[in-house]
Amino acid sequence: MTSPVRLALLGCGTVGQEVVRLLHEQSADLAARVGAPLEIAGIAVRRLGRDRGDLPVDESLFTTDALGLIKRDDVDVVVEVVGGIEPARGWLVEALRAGKSVVTANKALLAEDGVALHEAAAEGGGDLYYEASVAGAIPLLRPLRESLHGDRINRVTGIVNGTTNFILSAMDATGAGFAEALEEATALGYAEADPTADVEGFDAAAKAAILASLAFHTRVGAADVHREGITEVTAADMASAQAMGCTIKLLCIAARGVDSTGRETVSVRVHPAMIPRSHPLASVGDAFNAVFVEADAAGQLMFYGRGAGGAPTASAVLGDVVAVSRNRLAGVRAASESAYADLSVRPMGEALTRYHVSLDVADRPGVLAAVAGVFARHDVSIATVRQGSAGGAPGRDGDAELVIVTHVAPDAALAATVGELRGLDIVRSVTSVLRVEGGA
């Protein structure tokens, strides 16, 4: 057994504490897998003296000087589970430039400025691993960057945020509204006190950028991702989806395509969408994550499991720690960033999708023809139309509900269609607009 591999742990919250526990409980097995013991050189925290229960670690290892810990000569690997952009970016760039390997779970930083991290890793010659940044314990990023490296990936569709999936699953199962389901998610610990990053799609958008970068060998940042959250999804939307044999999920979708000149591009988006019950992602309930990958040779692959939580995320972190530690002992490093394709990211308006539109309209002759004319003017073909009694405008007589599902069209044309419908005198209100994915 050779000299220990020394770790600097940045952060000791929910995930950090689980990393410490697993390092202690599985020390013998981890040493055997690596070929050397794994030892904690120090733990950087914001405040000293905080009660951390029965954490199996010497208090003398804690420090508030993260940068000083990183710069120590006896530190081989830096493990970052603090989150956020700064000061984490400065810490990790410093570590990588100094030749230390880095393991991080920081999806926001990778999506915001992964380029700086990859360039620092190339400069210093260390490894940058980040399996835990997307989908928790699910082995996903390494298959994309290694196992499927010889294949051509065409599309990645995923449920990558457990909080929103729990909320939408609860709405689907019970008929609850968004606010009620969010309250339940908060009470059970699935939602943060401030759930904005989850319910507005920021968390999923960061993960979508990482997935697209790996799948398509192209640098994709958070700013490239079209993002919509689930706060506008209603119980009526869910009931309408059920009537179509569908459910609603917050999806991250990254896909190859071509622009008007025939040049290959990628589109990356996060938004709620109806998907048929027959789709593999439709049955992903509770706070679980799943990602559906479509490739030329491998065909369809699905990765499923717990996408968040201290223990699942720590599992992914330690998997990376073992990998980078083995590399250091062997004197090698993993393959660097693969961004050779350098595909342009096309705007959301050029993405091809379908719309489900619910309208509260006047119930009189010619209304359907007028509505259909709007779709025709924007070259949007209608797949189905369903008419019922209007759910809005209490006390008003002579209203009806139209539910229209389109064929595939550019998103810009679909959005323009809805915009014109809102201005028609015969349309009392556009009560719902949702995209439809997966052949529903």
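Val321 counts as buried, because its relative accessibility is 1%, where buried means under 20% relative accessible area, exposed means over 50% and partly exposed lies in between, computed with a 1.4 Å probe on protein chains only. The model described here is a predicted one, in which local features need pLDDT of at least 70 and side-chain atom pairs count only at pLDDT 80 or more, while totals for chains, interfaces and linings use all residues. Residues are numbered from 1 along each chain as its sequence is written, and side-chain values use heavy atoms, with hydrogens and water left out.

**Val321 and helix α12**

Val321 belongs to helix α12; helices (H or I, at least four residues) and strands (E, at least two) are DSSP runs numbered from the N terminus. Leaving aside neighbours within four places in sequence, Val321 is in contact with Leu7, Leu38, Val79 and Val103, contact meaning heavy atoms within 4.5 Å. Val102 is separated from Val321 by 219 residues in sequence, yet the two C-alpha atoms are 8.5 Å apart in space.

Two packed helices are described by the angle between their axes and the distance between the axes. Helix α12 (residues 310–330) packs with helix α2 (residues 27–34) at an angle of about 40°, and their axes are 9 Å apart. Axes are lines fitted to C-alpha atoms, for helices over the stretch in contact, and angles run from 0 to 180 degrees between N-to-C directions. The two helices, α2 and α12, are therefore oblique to each other, given that angles under 35 degrees count as roughly parallel, over 145 as roughly antiparallel, 65 to 115 as roughly perpendicular and the rest as oblique. On the α2 side Leu30, Arg33 and Val34 take part, and they meet Leu318, Val322, Ser325, Arg326 and Leu329 in α12. The residues of this contact divide into 5 nonpolar, 1 polar and 2 charged, where Ala, Val, Leu, Ile, Met, Phe, Trp, Tyr, Cys and Pro count as nonpolar, Asp, Glu, Lys and Arg as charged, and the others, Gly among them, as polar.

**Domains**

The protein is divided into domain 1 (5–136 + 310–330), domain 2 (141–306) and domain 3 (350–436), with bounds that come from an automatic or database domain assignment. The C-alpha centres of domain 1 and domain 2 lie 28 Å apart, and the contact takes 18 residues from domain 1 and 17 residues from domain 2.

**Annotated lysines and Asn106**

In an unreviewed entry, UniProt lists Lys207 for "active site" and Lys107 for "binding site"; UniProt positions are given in the numbering used here, feature names are shortened, and annotations may be inferred rather than shown by experiment. Lys207 lies in helix α10 (residues 202–216) and counts as buried at 6% relative accessibility. Lys107 has its place in helix α5 (residues 107–124) and is partly exposed, with a relative accessible area of 26%.

Which residues does Lys207 touch, not counting residues up to four places away in sequence? They are Lys107, Ser133, Val134, Val160 and Asn161. With the same exclusion, Lys107 touches Ser133, Asp203, Ala206, Lys207 and Ile210. Asn106 is found in the loop between β5 (101–104) and α5, is buried with a relative accessible area of 3%, and touches Glu80, Gly83, Gly84, Ala88 and Ser133, again not counting residues up to four places away in sequence.

**Backbone features and loops**

Most residues other than glycine have a negative phi, and most peptide bonds are trans. The peptide bond from Glu86 to Pro87, however, is cis, with omega near 10°, and Pro87 is found in the loop between β4 (77–80) and α4 (88–97). His217 has a positive phi, near 50°, in a residue other than glycine, and Asp342 likewise has a positive phi of about 50° although it is not a glycine. Arg46 and Tyr355 are 309 residues apart in sequence and 47 Å apart in space, C-alpha to C-alpha. Three of the loop residues are set out below.

| Residue | Loop | Relative accessible area |
|---|---|---|
| Arg46 | between β2 (38–44) and β3 (62–63) | 79%, exposed |
| His217 | between α10 and β8 (226–227) | 8%, buried |
| Asp342 | between α12 and β13 (344–345) | 62%, exposed |
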